[in-house]
Amino acid sequence: MPADRLLTTVLHAFQASPGDQEHTNRILGSTTSLLTTLSNPLNATLLTSQLLVAPAIWQQPNILATSFRIISLFNTAAITVRKNQLEGTPKPYDAYQPRKGGGIHCDDWARAVIKGADDKSARWQHVLVIAGVLLGMEGQNRQGLSGALRATLESALVTAVNLAMADPTNGGIHGADSLVLALNHAFPLLSDLARSDLNYDALLMPMSRAMTSAGGYEEMQFLEPIKFNVNIKQIPGNKFDWSVKSESFLRMQSLASKPLVSSMGPLSRLIAHAVENTSNPMRVVELRDHLLGFTAGIFTLWRRNKLSEIDPSEERMYLTPETLQITFPALWQVLKGAMFATVVILQAIIGRTLLDPMLAGVPAPTTAWQALVMLQDLHFISSRLGPNAFSAYTFVNLTSIDILSHYPIDSRNFLKAIYPKEAGQIPAHPLNRNLDLFYLNTSEHFTLVLSASDNEALVVTPASPYLNPTANARLREIFEAAHSAMLAALAAPQAVALNSKILPFYVESLFNSFPANLSPRQFRFAFKTLMQITTPPAPLAAAQPMLSETLLELLHYRALHAPTTPMPLPTNEGEAATHSAQPPLSEQAILLLTLLDALPNLPTVLLKDWLPLAADLLNVIQDRNMREECKARFWEVLESGEMDVDRSAICVAWWSTSGGRERVLFGDIDEGPFMSGGLGEKGASRL
């Protein structure tokens, strides 16, 4: 069909009532073809102007999807026009050669299309057109426009965005979401000068609402109907089944395919950029409160979900193969996306709080408090990735704790606010145990600013149930968090009286928990911390001077009678990576390494006695590979700088003149460094 006739047909189709999806696809396909083949720029302007007000296009239920298709339409058309210009014949035009496209130069075509974004259509629709043209001509370093025209289009895009935000009622929430979608895709192409002209004060909240509301995650409301679609199949084990054909799963798939959700990474970074550049700090506070409501809603909806009743370690036992392999991973992919986006924005909020004088004052503890509450709400997601899975989470967590620690009263009130509801016992519900894990990991950072009584009530009491060595071994991560929290409470300078009260109980629990409920790394760390607490200059060393040697004797006795078979390798990835470079070690070898770790903390008097005992214990280990691993650690302790000057001098004297070298390297325990030929063979006659 000739271009003029096709143009007339398309313009008539624009004015018709909206049809089905297939009909709309045909109209948009014809429009794309026309934009690349029209030879008169005025027709391109007319086509664009009519497209932006066409009832057949815009009277659709899903405006955001339509907006995305409009951006794609102009993007595709711009790419084709540039390609036609590059591949077309040079001037003068040869009538015998077929012409590529409409023959309009890229700059002229772009000007003609942008002129179609006139007063008949809304400002937010203008943003769609300009963004599509910019993406097609300049995306992926195509450089289809002249430098001056590109700068003009960037300025036009920013102006259209600011004018649209000045009248947010024009287009409503759908218009705002569409504008955010277009800006999100075009933002990487904007120069720093153009970005500086954006009205971030007006943009910040519409962007955050686009992320969380109907155009984005829909406040995670898709989690609610899952509980109605999860059934218990009467197969061995009565497993939970969430079918791929269920209404809730199809709804979740539809949400995941939304334009804003599928580009949530760039959108979260754009919101973070707006946080850093907004001129009104109160907008940051407003965004903080908005995110708090979003994460609270996620946690509440997840608690109502049947799938939250399954502990991560038991998923293979209680989920059907289809659920385990298809629907459940898809759910976690959506949840992880929401968590990552939220944490990236929180990172910007915390960073702005540190730098902005208005936010670093009175609002600072509230910001830190709420940031930690949001991390708690999302902990059932982030705990699956590990505590240090990505730097933004670590920054938000530790910086918020550091800010709140400057306010002891607020710190105490915060711990009381998130205090476990079932403190003193291990909860039956996996989600409550997950909250306990977050609480224990967080509370250990506040022990220095809490009083001794608060440490006992807010740290020791919640940790105590998880120190039981007979508890479920699958809860090892929480056990280790409880040990870390207990050690932090014991190490607080103000906790001398508390130490005398709970230290015997803790030491017994520590030795009984290894190796079933504690990893070798955690056990070594815990014992080393105990030695630091019980040796000078720690206050407890003056009150209980024999305590450190008693602990060493317990460790030494346990090592002498410990199993010598290799321990199974760790199952979690982080622990396995730590141990991948060393041979499998026995419990006996781990206990010796624990003793070696403690040597730099011993008083000089004890160090002289325990160096030979450690060397003797080294030679008790029968396996050569294990012994060499322990021997390497022994040498590392002696020469790596872990000892201070006085202790190093004792180690040098023991190694060189007191038989230490022979004991460690050659296992020479019985015979001393005697002169060759001075004595006869052992047991021989001396006559």
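These legends describe close-up views of a predicted model. Residues are numbered from 1 along each chain as its sequence is written, and side-chain values use heavy atoms, leaving out hydrogens and water. In this predicted model, local features need pLDDT of at least 70 and side-chain atom pairs count only at pLDDT 80 or more, while totals for chains, interfaces and linings use all residues.

**View 1. Confidence along the chain and residues 676-680.** The average pLDDT (the predictor's confidence in each residue, from 0 to 100) is 89 for the chain, and 92% of the residues score at least 70. Residues 676-680 have a pLDDT below 50, and the stretch makes 0 contacts (heavy atoms within 4.5 Å) beyond near neighbours in sequence. Where pLDDT is low, the predicted coordinates should not be read in detail.

**View 2. Two cysteines, Cys-106 and Cys-630.** The model has 0 disulfides (a disulfide is a pair of cysteine sulfur atoms within 2.5 Å), as counted over the structure. Cys-630 cannot pair because the closest cysteine sulfur, in Cys-651, is 17 Å from its own, too far for a bond. Cys-630 is buried (under 20% relative accessible area, with exposed over 50% and partly exposed in between, for a 1.4 Å probe and protein chains only), at 0%. Cys-106 is also buried, with a relative accessible area of 1%.

**View 3. Helix H27, residues 496-513.** Helices (H or I, at least four residues) are DSSP runs, numbered from the N terminus. The 18 residues of H27 should span 26 Å (1.5 Å times one less than the number of residues), which agrees with the 24 Å between its end C-alpha atoms. At Ile-502 the helix bends by about 50° (the angle between axes fitted to the seven residues ending there and the seven starting there), and Pro-504 follows within four residues. Among the buried residues of H27 are Ile-502, Leu-503, Tyr-506 and Phe-511. The buried residues pack against helices H25, H26, H28, H29 and H30.

**View 4. Ser-213, in the loop between helices H11 and H12.** Ser-213 counts as buried, at 13% relative accessibility. Its side chain reaches the backbone oxygen of Arg-209 at 2.3 Å. Ser-213 is also in contact with Ile-173, Glu-218 and Glu-219, leaving aside neighbours within four places in sequence.

**View 5. Arg-633, in helix H34.** Arg-633 has 12% relative accessibility and counts as buried. Its side chain makes a polar contact (a pair of N or O atoms within 3.5 Å; within protein, one must be able to donate a hydrogen and the other to accept it, and residues adjacent in sequence count only if both atoms are side-chain atoms) with the side chain of Asp-597, at 2.9 Å. Not counting residues up to four places away in sequence, Arg-633 touches residues including Arg-524, Leu-593 and Glu-642.

Note on methods: Helix = DSSP H or I, 4+ residues; strand = E, 2+ residues; numbered from the N terminus.
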